[in-house]
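Student: Before I accept the labels attached to a model, I would like to see how each is earned. Could we go through some of them together?

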Amino acid sequence: MNGPAILVLHGPNLNRLGRRDPAHYGTLTLPELEAKIAGWAAERGARALFFQSNHEGALIDALQHRADEAAGALVNLGALTHTSYALHDALSDFARPVVEVHLSKLAEREPWRQVSVIRPACVAAVDGKGAEGYREALDRLLTAIAERSVPGRGKEA
Ligand code: DQA
């Protein structure tokens, strides 16, 4: 497949999907969620590259090491979303479109979850739609990638 490669990053505790608080996060396991994302990507001519870690530094390493392969990133950084300036900086440095996605509806949860310190480094954010939110996030990301790659619009890096 020659379409864009999309880096899909899952942060801390997302390896526990399917067992973790299904009222907020649904019943799909992480491999099941990844299979859905891979299918949606393939339908759109794209390819998903997956990485999950419970460690902030490993997520930063993945962004740095895979920047040359990926045209953009879809990120659910779990609770690091609310605290990690280091991930904000790594996403900015990634220099490709990034879309933030969350399974749960953050506005209906604790106040601390309503702050995303990575949001300024993202072109869009989708939350509260469960696994389906990843499809919407993927579409928004592919649109951002396509717009950025159209010559003459001044959006190239
Ligand atoms: C989450 C929301 C975060 O607040 C939480 O820490 C997670 C998952 C979500 O997908 O809804 O781990 O990012």
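Tutor: What follows sets several labels against their definitions, for a model that is predicted.

Student: What makes β4 a largely enclosed strand?

Tutor: Buried means under 20% relative accessible area, and because five of the five residues of β4 meet that description, the strand is largely enclosed by the rest of the structure. Both faces are covered, with Val98, Glu100 and His102 buried on one side and Val99 and Val101 buried on the other.

Student: How do you know that β4 is paired with β3 and with β5?

Tutor: Two strands pair if there are at least two bridges between them. Three bridges join β3 to β4, which run parallel, and Val98 of β4 is the bridge partner of Ala73. Four bridges join β4 to β5, again in parallel, with Val99 standing opposite Ala124 of β5. Both pairs therefore satisfy the definition.

Student: Why are the side chains of β5 said to alternate?

Tutor: In a regular strand the side chains alternate between the two faces of the sheet. Along β5, residues 124-127, Ala124 and Val126 point to one face and are buried, whereas Ala125 and Asp127 point to the other face and are not buried.

Student: Which residues of helix α4 are buried, and why are they placed on the same side?

Tutor: In α4, which spans residues 85-94, Leu87, His88, Ala90, Leu91 and Phe94 are buried. They cover an arc of only 165° around the axis, which puts them on the same side of the helix. On the other side, Tyr85 and Asp93 are exposed, a label that requires over 50% relative accessible area. The cover over the buried residues of α4 includes β1, α3, β3 and β4.

Student: What makes the approaches of Leu103, Ser104 and Arg113 to the ligand polar contacts?

Tutor: A polar contact is a pair of N or O atoms within 3.5 Å. A polar backbone atom of Leu103 is 2.8 Å from an oxygen atom of the ligand, a polar side-chain atom of Ser104 is 2.6 Å from a ligand oxygen, and an N or O atom in the side chain of Arg113 is 2.8 Å from an oxygen atom of the ligand. Each of these pairs therefore falls within the cut-off. The protein covers 99% of the 320 Å² of accessible area that the ligand has on its own, and the residues around the ligand also include Arg20, Tyr25, Asn76 and His102.

Key. Residues are numbered from 1 along each chain as its sequence is written. This is a predicted model: local features need pLDDT of at least 70, side-chain atom pairs count only at pLDDT 80 or more; totals for chains, interfaces and linings use all residues. Side-chain values use heavy atoms; hydrogens and water are left out. Buried means under 20% relative accessible area, exposed over 50%, partly exposed in between (1.4 Å probe, protein chains only). Helices (H or I, at least four residues) and strands (E, at least two) are DSSP runs, numbered from the N terminus. The arc is that of the directions from the helix axis to the C-beta atoms. Contact means heavy atoms within 4.5 Å. A residue is near a molecule or strand if one of its heavy atoms lies within 4 Å of it. A polar contact is a pair of N or O atoms within 3.5 Å; within protein, one must be able to donate a hydrogen and the other to accept it, and residues adjacent in sequence count only if both atoms are side-chain atoms. Accessible areas come from the Shrake-Rupley method with a 1.4 Å probe; for residues, only the protein chains shown count as cover.
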